[in-house]
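I set out to record a helix pairing, a serine side chain and some backbone features. The entries are kept in the order in which I looked them up.

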Amino acid sequence: MRAEDFIIDGRIPDIEYRTDAPEEVVCPRITRRDGVPMLYSHNERDADHEGFVPAAEFLRRLARQEPNLACTGYRANGKQTTLSFNKRDRVSLSPRLQAWLSALAAPRDGKSVAVVGFLANLMPLYTHEDRDGVWCARSLQDGTLVLPVDESEWDEARGTVRVHWQGDAARATEVDGGQLAALALERYVRLHGTGASEEAIAAELWHLARHFHFKTDCEVYLPQLDAPAGAFARVYRPALGFGQGVLVNVVSKLLGA
């Protein structure tokens, strides 16, 4: 999902604003400059951009709840009116736009962003994808897109992510990042450990689960997975074979850690 996805017939109908009397519902108006969709803000007419703000940037500012944010819409009679987002009781946002604003507002040092970044590095199962400045994880198997969510106002940050199944924003759910990671790590270990014993697979999975916790402060949901025993319990060294945590080294390099 990008800013363009919210633009229909030169408006953003996912934003509705209830005007002063005579009361009616208006939506932000879109104009284009050099092909870039813009919103006009009368409050910023003296700035270098002369009041024209790219739609993607405007939505990022809306996600941050920037004070005094405003844009232009048009009444049914064609007269221009100002939509002030300071008057929150007059503004209605669609559920899908609220979900996108949550992704835009997700703290870059938060658990949700960390989970998405970890998943995106599990190549070739996932890859990184930039959606208007939001870094997501795209499944190379079925196109599913994993986005961060803003947990900053929740009682507890849990590493929740928003999943667009097969890339369809209309089929989206919020899930626990640790549960999604459990499925991804199991596939990742088996892919890279073709031919290894089940004991080595389990040991490698344990090492990666611990690394996931270290990088995200979240737990992988693997309740039946025990710590490796015997030869597989040795301290990790890059020279050791599969089952000793070799994939931790691979993922660490990808994460720059």
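The entries below concern a predicted model.

**Entry 1: helices H3 and H4.** I began with H3, which spans residues 111-120, and H4, which spans residues 177-192. I found that their axes come within 11 Å and cross at roughly 10 degrees. Angles under 35 degrees count as roughly parallel, and H3 and H4 are therefore roughly parallel to each other.

I then listed the residues that meet across this pair. From H3 the list holds Val115, Phe118 and Leu119. From H4 it holds Gly177, Leu180, Ala181, Ala184 and Leu185. By class, I recorded 7 nonpolar residues, 1 polar residue and no charged residue in the contact of H3 with H4.

**Entry 2: Ser112.** I stayed with helix H3, in which Ser112 lies. Is Ser112 buried or exposed? Its relative accessibility is 1%, so I entered Ser112 as buried, the cut-off for buried being under 20%.

I next asked which backbone oxygen the side chain of Ser112 reaches. It is that of Thr160, at 2.6 Å. Leaving aside residues up to four places away in sequence, I noted that Ser112 touches Gly159, Thr160 and Val161, as well as Pro148, Val149 and Glu151. Thr160 thus appears in my notes both as the partner of the Ser112 side chain and among the residues that Ser112 touches.

**Entry 3: cis peptide bonds.** I looked up two peptide bonds that lead into proline. The bond from Ala21 to Pro22 is cis, and its omega is near -5 degrees. I placed Pro22 in the loop between strand E1 (15-18) and strand E2 (25-26).

The bond from Met123 to Pro124 is also cis, with omega near 10 degrees. Pro124 belongs to the loop between H3 and strand E9 (126-131), which returned me to the helix of the earlier entries.

**Entry 4: positive phi outside glycine.** I checked Asp9, whose phi is near 50 degrees, a positive value in a residue that is not glycine. Asp9 sits in the segment before E1. With a relative accessible area of 76%, I recorded Asp9 as exposed.

Glu50, likewise not a glycine, has a positive phi of about 60 degrees. I located Glu50 in the loop between strand E4 (36-40) and strand E5 (52-54). How exposed is Glu50? Its relative accessible area is 44%, and I therefore entered Glu50 as partly exposed.

Terms used
Residues numbered from 1 in each chain as written. Predicted model: local features only at pLDDT ≥ 70, side-chain atom pairs only at ≥ 80, totals over all residues. Heavy atoms only, no water. Axes fitted to C-alpha atoms, helices over the stretch in contact; angles between N-to-C directions. Helix = DSSP H or I, 4+ residues; strand = E, 2+ residues; numbered from the N terminus. Parallel < 35°, antiparallel > 145°, perpendicular 65-115°, else oblique. Contact = heavy atoms within 4.5 Å. Nonpolar A, V, L, I, M, F, W, Y, C, P; charged D, E, K, R; others polar. Buried < 20%, exposed > 50% of the residue type's maximum accessible area, 1.4 Å probe, protein only. Polar contact = N/O pair within 3.5 Å; in protein donor to acceptor, adjacent residues only side chain to side chain.
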